[in-house]
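Q: Please give a close account of the place where the ligand sits in this model. I would like to know what surrounds it, what touches it and what the space around it is made of.

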Amino acid sequence: MKTKEDCIFCKISSGDIPSKFVWSNEDVIAFHDMNPQAPVHVLLVPRHHSDNILDLAAEEEGRQVFSQLLAAVPRVADALGVSESGFRLIINTGKGGGQSVMHLHIHLVAGEGLSESIV
Ligand code: 5GP
Ligand code: ZN
């Protein structure tokens, strides 16, 4: 598993920055976004470091890491109680995509007001 020394999400994953996880296993962590944009706003983060989804797609272990993320989605949705009511997943990529933390992550957002967003 690849990690990056000066990466904030790698530090959260390793425990260097203590954080409360909504859910975690050996491959993926999920925690509340510190600047929530919706009533529920959680980040799903692979422990493996890739700068973004393009980098992950180019890596040999990319598919495996993405399957681990996929497997985490229902677990995290259950933990948050939004499996029935529904939610939205977002992956920002690069500057034009609004990515600010260069460690691939999925935003899971849910709650009132989502219908007003652009997609
Ligand atoms: P991006 O803009 O890269 O798609 O999303 C990065 C997200 O990470 C932002 O929504 C930001 O609020 C969140 N974030 C950045 N640093 C931290 C942190 O140290 N802890 C938590 N919980 N969220 C963070
Ligand atoms: Zn990282």
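A: **The shell and pocket of ligand 1**

Sorted by class, the residues in the shell around ligand 1 comprise 7 nonpolar, 8 polar and 1 charged. The model is a predicted one, and the description below should be read accordingly. In total, 16 residues surround ligand 1, and the closest of them are Asp 33, Asn 92, Ser 100, Val 101 and His 107.

Polar contacts to the ligand come from side chains and from the backbone. His 107, one of the closest residues, places a polar side-chain atom 2.8 Å from an oxygen atom of ligand 1. For His 105, an N or O atom of the side chain is 2.9 Å from an oxygen atom of the ligand. At Gly 98 the partner is a polar backbone atom, which lies 3.0 Å from an oxygen atom of ligand 1. Taken on its own, ligand 1 has 520 Å² of accessible area, and the protein covers 83% of this.

Two elements give two or more residues each to the shell around the ligand, namely α1 (8-14) and β2 (28-32). Of these, α1 gives the most, with 3 residues.

The surroundings can also be described through the space itself. Ligand 1 takes up the space of the largest pocket, and about 630 Å³ of space lies in that pocket. Its lining consists of 29 residues, and those nearest the centre of the pocket are Asp 33, Asn 35, His 41, Leu 43 and His 107. Asp 33 and His 107 are therefore named twice in this account: they are among the residues closest to ligand 1, and they are among those nearest the pocket centre, where a lining residue is one that has an atom within 4 Å of a grid point.

Several elements build the lining. At least two residues each are supplied by α1, β2, β3 (40-46), β4 (88-90) and β5 (106-110). Helix α1 again gives the most, with 3 residues of the lining of the largest pocket, as it does with 3 residues in the shell around ligand 1. By class, the lining divides into 14 nonpolar, 12 polar and 3 charged residues.

Methods: Residues are numbered from 1 along each chain as its sequence is written. Chains are lettered from A and ligands numbered from 1 in the order in which they are written. This is a predicted model: local features need pLDDT of at least 70, side-chain atom pairs count only at pLDDT 80 or more; totals for chains, interfaces and linings use all residues. Side-chain values use heavy atoms; hydrogens and water are left out. A residue is near a molecule or strand if one of its heavy atoms lies within 4 Å of it. A polar contact is a pair of N or O atoms within 3.5 Å; within protein, one must be able to donate a hydrogen and the other to accept it, and residues adjacent in sequence count only if both atoms are side-chain atoms. Accessible areas come from the Shrake-Rupley method with a 1.4 Å probe; for residues, only the protein chains shown count as cover. On a 1 Å grid over the protein atoms alone, a cavity is a set of points where a 1.4 Å probe fits but cannot get out, and a pocket is an open set with protein on both sides within 12 Å along at least five of seven lines; lining residues have an atom within 4 Å of a point. A molecule sits in a cavity or pocket if more than half of its atoms lie within 2 Å of its grid points. Helices (H or I, at least four residues) and strands (E, at least two) are DSSP runs, numbered from the N terminus. Ala, Val, Leu, Ile, Met, Phe, Trp, Tyr, Cys and Pro count as nonpolar, Asp, Glu, Lys and Arg as charged, and the others, Gly among them, as polar. Grid points are joined across faces, edges and corners, and a volume is the space filled by probe spheres set on the points.
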